[in-house]
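Welcome, and please open the model in your viewer. We will go from stop to stop, with a selection to make at each one.

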Amino acid sequence: MNPALPLHLDAEPYPFEFRPTTCALLIVDMQRDFLEPGGFGETLGNDVAQLRRTIAPNQKLLAAWRALGLQVMHTREGHRPDLMDLPPAKRHRGRGARLIGDLGPMGRILIRGEPGHSIIPELAPLPAEPVIDKPGKGAFYATDLHAILQNRGIRQLIVTGVTTEVCVHTTVREANDRGYDCLVPSDCVGSYFPEFQTAALKMISAQGGIFGWVTSSDKILSALAGP
Ligand code: TIU
């Protein structure tokens with residue numbers, strides 16, 4: 001790969017000028033609390049099985065990204081054990097059987113250090129890969145993500161993870177306002193609601209790419225493999 005030359009990657013609404021050496025793979029909230037039974041996702045009334053189809057394509061993209069020595073970052077949504085960073089409205093909204101901080105089968109729901117808060121084993125971070133702990137839906141709010149990306153010279157983001165219309169969307173919007181070009185592979189992001197998946201992806205690429213570009217992991221892998 002010649003780092004001086006962008007790769008023209010097939011995407012919506014038009015080709016993405018992909019510069020892998022200044023692009024980070026940002027994997028959002030692939031945590032047991034969202035993808036396994038007994039966690040936060042299920043306590044909100046969702047079917048976690050809807051998200052599990054994203055695991056295999058994320059694994060493949062992550063393996064290719066790591067093999068090229070490119071920047072990988074992970075995020076986790078969660079709160080302090082003392083709940084001091086948890087807005088009261090966030091705790092009570094949802095009105096599920098269990099609230100954030102309550103004890104469930106994977107420990108306290110959405111609390112840092114608990115089993116459910118950890119990233120699923122299939123996508124476990126390597127020691128050199130930064131993990132951003134975030135109290136909100138967006139990965140930039142109240143975190144050091146922007147500083148880390150700036151210090152690493154990152155200008156583009158491939159954003160994957162869950163859920164498409166909540167934490168992925170919020171993060172893409174925050175990144176867009178900070179000047180990052182965001183590319184979202186549709187098979188690597190998942191929603192509990194098929195109709196939200198479709199709408200959220202359209203909202204990214206509509207209006208000439210108002211928030212970014214949408215593609216597939218296969219297209220990214222082909223671009224990385226070269227002609
Ligand atoms: N509920 C839902 O769809 N998502 C979240 O609460 N957090 C993330 O998307 N990570």
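What follows is a walk through a predicted model, from the whole chain down to single residues.

**Stop 1: the whole chain**

Start with everything shown as a cartoon. You should be able to count eight helices and 11 strands in the chain. Along its principal axes, the C-alpha trace spans about 50 × 35 × 30 Å. How does the radius of gyration fit a compact globule of 227 residues? A globule of that kind would have a value near 17 Å, and the chain has 17 Å, so the two agree.

Now switch on the surface. About 10,200 Å² of the chain is exposed, and carbon and sulfur atoms supply 55% of that area. Of the 227 residues, 48% count as buried. If you draw the contacts between residues at least 6 apart in sequence, 73% of them join residues at least 24 apart. Colouring by charge gives you 23 positive and 24 negative charges, and their mean positions lie 3 Å apart.

**Stop 2: strands 4 and 7**

Select residues 71-77, which form strand 4, together with strand 7, residues 131-134. The two strands run parallel and are joined by four bridges. Add side chains and look for Arg-76, which stands opposite Asp-133 of strand 7.

Stay with strand 7 for a moment. Which of its side chains are buried? Ile-132 and Lys-134 are, and they point to one face. Val-131 and Asp-133 point to the other face and are not buried. This is a pattern to expect, because side chains in a regular strand alternate between the two faces of the sheet.

**Stop 3: strands 8 and 9**

Next, select residues 156-162 for strand 8 and 181-185 for strand 9. Strands 8 and 9 pair in the parallel sense over three bridges. To find one matched position, highlight Ile-158, whose bridge partner in strand 9 is Leu-183. Strand 9 is mostly covered, with four of its five residues buried.

Between helix 6 and strand 9 there is a loop, and Gly-179 sits in it. Is Gly-179 buried, partly exposed or exposed? Its relative accessibility is 44%, so Gly-179 counts as partly exposed. A distance label from Gly-179 to Leu-157 should read 10 Å between C-alpha atoms, although 22 residues separate the two in sequence.

**Stop 4: Thr-163 and its neighbours**

Move to Thr-163, in the loop between strand 8 and helix 6, which covers residues 164-177. The peptide bond leading from Val-162 into Thr-163 is cis, with omega near -15°. Thr-163 has 7% relative accessibility, which is why it counts as buried. Leaving aside residues up to four places away in sequence, Thr-163 touches Leu-51, Val-168, His-169, Gly-190, Ser-191 and Tyr-192.

**Stop 5: Val-189**

Select Val-189 in strand 10, residues 189-190. Here the relative accessibility is 0%, so Val-189 counts as buried. Setting aside residues up to four places away in sequence, its contacts include Arg-53, Thr-54, Val-159, Val-184 and Leu-201. Another residue touching Val-189 is Val-168, which also appears among the contacts of Thr-163. For a long jump along the sequence, label the C-alpha distance from Val-189 to Ile-55: the residues are 134 apart in sequence and 9.1 Å apart in space.

**Stop 6: backbone angles to check**

The last selections concern backbone geometry. Most peptide bonds are trans, and most residues other than glycine have a negative phi. Where can you find a cis bond that leads into a proline? Select Glu-12 and Pro-13, which are joined by a cis peptide bond with omega of about 5°. Pro-13 belongs to the loop between strand 1 (7-9) and strand 2 (16-18).

For positive phi, begin with Ala-142, where the angle is about 60° although the residue is not a glycine. Ala-142 lies in the loop between strand 7 and helix 5, residues 145-151. With 56% relative accessibility, Ala-142 counts as exposed.

Finish at Gln-207, whose phi is also positive, near 55°. Gln-207 is part of helix 7, residues 194-209. Its relative accessible area is 69%, so Gln-207 is exposed.

Conventions
Residues are numbered from 1 along each chain as its sequence is written. This is a predicted model: local features need pLDDT of at least 70, side-chain atom pairs count only at pLDDT 80 or more; totals for chains, interfaces and linings use all residues. Side-chain values use heavy atoms; hydrogens and water are left out. The radius of gyration is taken over C-alpha atoms; the globule rule is 2.2 Å times the number of residues to the power 0.38. Buried means under 20% relative accessible area, exposed over 50%, partly exposed in between (1.4 Å probe, protein chains only). Contact means heavy atoms within 4.5 Å. Accessible areas come from the Shrake-Rupley method with a 1.4 Å probe; for residues, only the protein chains shown count as cover. Lys and Arg count as positive and Asp and Glu as negative; His and the chain ends are not counted. The place of a charge is taken as NZ of Lys, CZ of Arg, CG of Asp or CD of Glu. Two strands pair if DSSP finds at least two bridges between them.
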